[in-house]
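Thanks for coming. I will go through one structure this morning, starting at the nucleic acid and then moving to the protein contacts.

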2 protein chains.
Amino acid sequence: MKLLVVDDDADMLAVVSFALRQASFPVVTANSYGTGLAAFHAERPDLAILDINLPGGSGFELCGVLRRESNAPIMMLTARGEEADLVRALELGADDYLTKPFSPRTLVARVKALLRRAGQEGSSPTRAGDLSLDAELLLLRIGEREIRITPLESRLLQLLLANAGQVVHTDRLLVHVWGHRGGGDRQLLKQLVHRLRQKIGDDPEQPRWLATIPSVGYMLRVTPQS
Amino acid sequence: MKLLVVDDDADMLAVVSFALRQASFPVVTANSYGTGLAAFHAERPDLAILDINLPGGSGFELCGVLRRESNAPIMMLTARGEEADLVRALELGADDYLTKPFSPRTLVARVKALLRRAGQEGSSPTRAGDLSLDAELLLLRIGEREIRITPLESRLLQLLLANAGQVVHTDRLLVHVWGHRGGGDRQLLKQLVHRLRQKIGDDPEQPRWLATIPSVGYMLRVTPQS
DNA sequence: TCCAGTCATAACCGGATTGTTACCAGCTTG
DNA sequence: CAAGCTGGTAACAATCCGGTTATGACTGGA
């Protein structure tokens with residue numbers, strides 16, 4: 001999970017980055033069309049936030065280019081009075097926009113909403129860190145490794161990936177995987193997690209991916225240190 | 001429900017107050033650092049709106065001071081071109097900002113959004129002084145330290161943090177944590193407090209955080225250092 | 001038929017969490 | 001001073017929780 005912010009205004013860049021980092025998103029920044037595009041190629045972020053006015057080419061062009069290469073959500077930043085341009089941005093494949101000045105909380109809320117939406121699109125492989133899940137093929141990629149997983153394991157990973165870096169409550173996992181109501185069977189979940197951990201080679205004591213949050217639930221770790 | 005507006009510009013104060021009163025919010029005003037802080041103590045508003053330029057001390061300092069004492073939402077007012085300072089404001093615990101000139105409707109909308117968000121005790125960590133509780137992860141941060149806590153301890157801290165600096169009666173704690181009726185079991189509370197104190201390393205005789213108010217209840221101390 | 005994969009169920013272990021009982025010290029009150 | 005309250009501390013037991021292992025039912029394919 002990683003975000004890219006492109007804006008030539010250093011102050012705005014600082015505000016946006018700070019708000020997102022506060023919300024525990026890793027952030028990569030760039031300040032021009034060229035560096036933005038390069039950063040996108042190098043970092044492969046899960047979401048891009050673009051200002052419209054950029055040196056070296058407009059944010060519109062960058063938006064169009066990125067959309068052709070990737071289906072990561074794109075959010076545009078516009079100044080007041082540029083509302084008319086938004087139609088263009090949306091036509092070029094932007095997913096959302098914010099008008100300056102905007103509230104940091106709004107920004108974070110919108111970003112989360114976009115990521116959630118992007119994560120729930122069923123068929124396309126979902127990613128987080130070095131994990132990549134293809135729910136159709138029941139295939140989990142960890143870096144180079146390709147691991148076959150079962151339907152239940154896939155559903156478990158779906159929800160965890162969609163909420164990567166956040167705790168997912170036991171009950172929510174139960175409902176999502178089995179459709180049980182609360183108070184369902186925790187033993188099933190124990191087993192499922194155990195088998196999955198065996199497959200990917202994860203140690204519950206020192207988890208690289210599946211962290212246990214006692215009496216709460218499980219969490220998929222992002223930025224699994226080096 | 002009450003709002004505090006601090007600004008040295010009488011016209012701005014009038015405009016903001018009028019807009020908020022039109023939206024049927026009770027408004028208290030102040031025009032300097034000192035009077036603002038005094039008003040905050042006296043009135044205990046649910047939200048504070050601070051200008052950055054204040055006689056007697058900057059809005060930043062006031063923001064920092066208020067955030068240490070309370071977790072009421074804080075909105076900063078800035079002139080255009082001061083965006084660089086916004087990062088500082090956010091670091092100090094501000095929740096939102098508006099760039100002058102702004103429309104009254106925007107102001108009211110933002111205020112409502114902040115209050116709504118503050119009302120629902122959601123996922124964001126609650127803070128008071130150097131304590132920061134993430135009830136979701138069952139994690140308590142004290143400065144640099146990160147301490148895992150139990151569900152019961154989390155509930156206890158929730159109520160204490162929400163009333164930081166004020167005594168919370170034993171009965172209220174009992175009801176909030178266990179759902180007991182009045183006259184419940186005080187021993188449970190004694191144990192809970194004791195175990196929590198051990199975890200965070202607090203001395204009942206010389207409490208840095210959890211102060212005992214004999215035959216009344218407990219209180220979470222704010223700004224205990226020095 | 002056999003076999004392998006998948007999944008539900010149960011049992012066991014160790015540690016964490018929580019409830020219970022007991023004891024001690026300080027304070028107030030009669 | 002004695003009685004009764006309070007709060008802090010300790011020790012213990014019951015329970016919960018997560019990880020692990022084992023087993024059997026069911027399935028689809030060879």
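**DNA, helix packing and the chain contact**

Start with the surface near DNA strand C: H6 and helix H8 (186-200) of chain A, along with helix H6 (151-162) and helix H8 (186-200) of chain B, each supply at least two of its residues. Keep in mind that this is a predicted model.

There are 19 residues around strand C, and those that come nearest are A:Thr150, A:Leu152, B:Thr150, B:Pro151 and B:Leu152. Sorted by class, the surface near strand C has 8 nonpolar, 6 polar and 5 charged residues.

Now to the packing of one of those helices within chain A. Two packed helices are described by the angle between their axes and the distance between the axes. For helix H6 (residues 151-162) and helix H7 (residues 170-178) of chain A, the axes come within 9 Å and cross at roughly 135°. That angle is neither over 145 nor from 65 to 115 degrees, so H6(A) counts as oblique to H7(A). The crossing is right-handed.

Which residues make the contact? From H6(A), they are A:Leu152, A:Arg155, A:Leu156 and A:Leu159; from H7(A), A:Arg172, A:Leu173, A:His176 and A:Val177. That contact divides into 5 nonpolar residues, 1 polar and 2 charged. A:Leu152 has come up twice, once among the residues nearest strand C and once in the contact with H7(A).

Last, the two protein chains. Here 14 residues of chain A are in contact with 15 residues of chain B. On the chain A side, helix H1 (10-22) and helix H5 (104-120) are the elements that give two or more residues. H1(A) has the largest share, with 6 residues. By class, that side has 10 nonpolar, 2 polar and 2 charged residues.

Terms used. Residues are numbered from 1 along each chain as its sequence is written. Chains are lettered from A and ligands numbered from 1 in the order in which they are written. This is a predicted model: local features need pLDDT of at least 70, side-chain atom pairs count only at pLDDT 80 or more; totals for chains, interfaces and linings use all residues. Axes are lines fitted to C-alpha atoms, for helices over the stretch in contact, and angles run from 0 to 180 degrees between N-to-C directions. Helices (H or I, at least four residues) and strands (E, at least two) are DSSP runs, numbered from the N terminus. Angles under 35 degrees count as roughly parallel, over 145 as roughly antiparallel, 65 to 115 as roughly perpendicular and the rest as oblique. A crossing is left-handed if the near helix is turned anticlockwise from the far one by less than a right angle, and right-handed if clockwise. Two residues are in contact if their C-beta atoms, placed from the backbone, lie within 7 Å. Ala, Val, Leu, Ile, Met, Phe, Trp, Tyr, Cys and Pro count as nonpolar, Asp, Glu, Lys and Arg as charged, and the others, Gly among them, as polar. A residue is near a molecule or strand if its C-beta atom, placed from the backbone, lies within 6 Å of it.
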